[in-house]
Number of protein chains: 2
Amino acid sequence: MTGLIPTGAPHAAELSDAQLERRLQARRKWLGDAAFEYDLPLEPVRGDGVYLFDGAGHRYLDMHSNAPSMGHGHPEVVSAIAAQAATLNTHSGHLSNTVEAYAARLLGLFPAPLRNLVMTCSGSEANDLALRVARMVTGRKGVIVTSRACHGSTAATAEISPGLRQPVPAHVRTIPAPDPRLAGKAELSSWFAARVREEADMLQKTGAGLAALILDSVFSFEGVFTDPPGFLAQAVEAARGAGGMFIADEVQAGFGRTGAMWGFSRHGVVPDMVTLGKPMGNGYPVGGVVMQADHLARLNASAPYFSGCGGSPVAAAAATAVLDVIEREHLLRNAGRSGDALRKGLRRLAKSSPRIGDVRGAGLCFGVDLAVPGSGAPDPEAARGVVNALRRNFVLAGRAAPRGHTLLLRPPLSISTEQAEQFLEVFGRVLGMLG
Amino acid sequence: MTGLIPTGAPHAAELSDAQLERRLQARRKWLGDAAFEYDLPLEPVRGDGVYLFDGAGHRYLDMHSNAPSMGHGHPEVVSAIAAQAATLNTHSGHLSNTVEAYAARLLGLFPAPLRNLVMTCSGSEANDLALRVARMVTGRKGVIVTSRACHGSTAATAEISPGLRQPVPAHVRTIPAPDPRLAGKAELSSWFAARVREEADMLQKTGAGLAALILDSVFSFEGVFTDPPGFLAQAVEAARGAGGMFIADEVQAGFGRTGAMWGFSRHGVVPDMVTLGKPMGNGYPVGGVVMQADHLARLNASAPYFSGCGGSPVAAAAATAVLDVIEREHLLRNAGRSGDALRKGLRRLAKSSPRIGDVRGAGLCFGVDLAVPGSGAPDPEAARGVVNALRRNFVLAGRAAPRGHTLLLRPPLSISTEQAEQFLEVFGRVLGMLG
């Protein structure tokens with residue numbers, strides 16, 4: 001396996017440029033990673049709370065990872081995984097107190113009639129299953145998604161993920177992100193609903209019909225759109241009016257990201273199904289679909305869902321610890337508080353820097369547009385530059401939006417206001433360097 | 001959440017019949033488990049090696065679980081998961097020594113040109129991706145599977161899983177299991193290949209064409225068919241002759257189940273893709289597709305595969321520990337040795353009991369047909385009775401085959417010859433009770 005590194009080999013931070021380049025080429029060849037986050041790829045070797053550390057001992061403030069929403073290596077989640085894995089890990093063909101108690105607790109966090117849970121191994125599997133149920137229940141095939149959405153990596157979910165940069169099939173219709181600048185804040189709700197109605201009509205005409213409108217409740221890959229609260233309600237009604245179901249994809253927004261437990265509750269809607277993923281196990285692979293009793297009965301009557309590892313006691317133990325941590329550490333309140341500090345700071349920077357076009361978000365999920373000074377046009381190159389400069393200054397951020405001109409900020413929910421100020425200080429410096 | 005049990009509630013073994021029935025009804029209602037393994041469902045509370053324990057302290061010999069192939073709660077795998085989860089758990093957008101070293105080691109266990117790995121969270125995701133790649137590379141849609149196969153629970157893999165008891169679409173064609181009794185041992189290879197050719201022709205006629213022949217290398221859900229070694233080769237050639245790829249689904253057979261590392265090697269074939277699942281992480285949710293460089297390049301050029309948890313350092317650490325355990329505990333050799341003891345004992349029982357129709361298998365994967373004495377007809381009721389009687393006698397076995405008349409035996413690879421004899425003794429008693 002020439003080119004691949006043995007255990008104990010030097011970490012990326014200890015390599016010369018030429019050595020790193022050889023390692024990257026080898027990795028791309030063998031593992032085929034399509035893209036790294038940064039021009040200078042990072043190899044973290046340790047994580048602790050909001051920080052990642054590289055092999056040279058540098059500490060990075062992680063403003064981007066979504067999965068470890070409770071913080072990297074959270075000791076309570078780690079202990080729960082270790083204890084349960086040492087005790088028992090079986091499949092869902094057996095009874096399990098641990099799994100059932102988790103289901104009871106999780107379902108208690110959802111409004112009626114969302115009273116049933118199917119556990120999976122990932123958010124992709126959750127969206128895949130929700131789509132299957134929606135098509136089964138409605139007898140239709142069509143799906144409406146936003147134009148840069150990513151809902152998963154299975155065949156069925158890649159098909160509804162135009163953000164993966166592949167053409168979507170005819171029965172998948174796209175609508176623009178709910179950007180208030182396209183419609184005006186007051187008109188956003190009806191404008192967005194009109195887009196849903198148009199595409200539902202198209203699906204009706206082609207014979208596919210509408211099975212589901214599926215939306216990431218915070219539109220992360222579009223660049224984050226959370227305001228005004230409630231704007232989703234009319235779109236949900238429009239989808240239902242066309243006979244389709246509304247699936248809230250909470251893989252990004254769920255488990256406290258917006259300062260509320262679920263992103264959809266910001267909009268005063270009750271989805272027909274909710275899909276869960278990444279933060280559910282703080283990095284342990286677990287996902288789920290929350291649905292109604294009659295839909296679950298339909299699924300079981302046709303082809304019972306079985307996931308070898310999906311409903312395992314270890315997955316449930318990890319997910320239970322996540323709920324414990326959210327409660328005990330008051331992470332929803334903290335997301336609100338640190339999120340406020342972050343928002344205020346970002347708005348302050350937006351006023352002083354012509355490079356920032358817009359700041360959007362709720363809780364600890366932010367989209368910050370980089371713009372060409374003067375014209376205010378989207379500036380993907382500036383965003384690329386900022387993300388890479390932040391990385392060299394030991395802060396990790398991501399990019400989103402159709403043109404990649406939006407910084408995506410999604411730190412662990414445990415970030416303190418001091419750490420948020422730390423980020424703002426570095427971000428301010430990096431913006432200053434852009435001139 | 002009325003009906004669902006709180007943490008710390010009594011385990012199933014401590015409940016009265018009426019209490020248990022209430023709990024089962026509640027669980028079915030909320031979690032919608034379609035089926036339990038046994039009439040009297042088991043709630044294991046602890047696992048250790050080949051044994052599971054219930055809440056009343058009863059010890060069960062597990063002859064059925066496939067995921068914990070290295071034994072329940074294997075301390076080395078548990079430690080690896082705990083240590084890595086405490087240290088670092090990130091996604092595949094960062095470099096990781098742990099992940100790359102695992103890939104190098106795993107790929108070294110495959111024949112050329114299988115030199116590339118994409119990691120996923122489950123075997124379902126692995127088969128889903130392999131199917132997507134096969135369709136992308138061949139430009140065709142058709143798939144050939146055996147008539148009771150189960151390849152996963154995503155939309156795309158459920159479609160090629162007639163064993164889930166749902167109708168398959170027109171572009172999925174089924175062939176019978178490679179049962180020597182249908183063709184004769186000498187003719188099995190050419191007979192099975194002829195079935196593949198017939199269905200490939202049908203797919204050609206309908207315009208779908210053949211994208212892939214996908215087979216569980218040990219045909220577990222069909223009732224286990226492993227002999228004579230080499231019988232798959234002609235079928236693989238037939239699929240390739242029709243322009244299709246051969247995908248070996250090693251979710252059941254992989255990682256030593258047959259006494260060899262991979263089930264396909266028994267047949268002297270090199271698959272175009274290999275899919276991995278359950279035993280890969282001994283219960284930690286991890287899967288993968290092993291493929292060729294040009295196919296991976298095609299995938300990356302169209303829609304790069306990203307799995308949040310799929311290529312994580314914790315998944316790689318668990319999977320690395322599994323390879324360590326297989327080597328250090330000589331599990332392939334043990335699977336051969338204990339498998340021989342099991343086979344001899346099962347054949348002995350078959351001679352003395354008119355209830356056993358046939359014994360098949362390799363390594364530690366066995367199918368044992370239950371038959372009506374005299375006529376030798378398949379006897380699903382007897383198999384059901386045996387599995388439930390074994391459970392009441394603290395031995396866990398499963399059922400397979402189209403009519404469910406086959407006992408499926410798949411104990412941890414660490415089972416000793418003494419433990420195998422223990423099983424044989426109980427099985428003999430249970431057979432005797434059938435009369």
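The paragraphs below go through the domains of chain A, one of its helices and the nonpolar core.

The model is predicted, with local features needing pLDDT of at least 70, side-chain atom pairs counting only at pLDDT 80 or more, and totals for chains, interfaces and linings using all residues. Residues are numbered from 1 along each chain as its sequence is written, while chains are lettered from A and ligands numbered from 1 in the order in which they are written.

Chain A is divided into domain 1 (12-70 + 331-434) and domain 2 (75-328), with bounds from an automatic or database domain assignment. Their C-alpha centres lie 26 Å apart. Between them, 26 residues of domain 1 are in contact with 28 residues of domain 2 (contact: C-beta atoms, placed from the backbone, within 7 Å). On the domain 1 side, two or more residues come from each of α11 (331-352), β11 (356-362), β12 (365-370) and β15 (406-409) of chain A. Helices (H or I, at least four residues) and strands (E, at least two) are DSSP runs, numbered from the N terminus. The largest share of that side, five residues, belongs to α11(A).

Helix α7 of chain A has 19 residues (188-206), which at 1.5 Å a residue, times one less than the number of residues, should span 27 Å; the end C-alpha atoms are 27 Å apart, so the two agree. Its buried residues include Phe192(A), Val196(A) and Leu203(A) (buried: 20 or more other C-beta atoms within 10 Å of the residue's own, C-beta atoms being placed from the backbone; exposed: 12 or fewer; partly exposed: in between). The buried residues of α7(A) pack against β5 (142-146), β6 (172-175), α6 (180-183), β7 (210-216) and α8 (233-241) of chain A. Just after the helix, Gly207(A) has a positive phi of about 95°.

The largest nonpolar core has 266 residues, and Ile81(B) is among those with the most contacts inside it. Such a core is a set of buried Ala, Val, Leu, Ile, Met, Phe, Trp, Tyr and Cys residues joined through C-beta atoms within 7 Å. Not counting residues up to four places away in sequence, Ile81(B) touches residues including Ile81(A), Ala85(A) and Tyr284(B).

Notes:
Contact = placed C-beta atoms within 7 Å.
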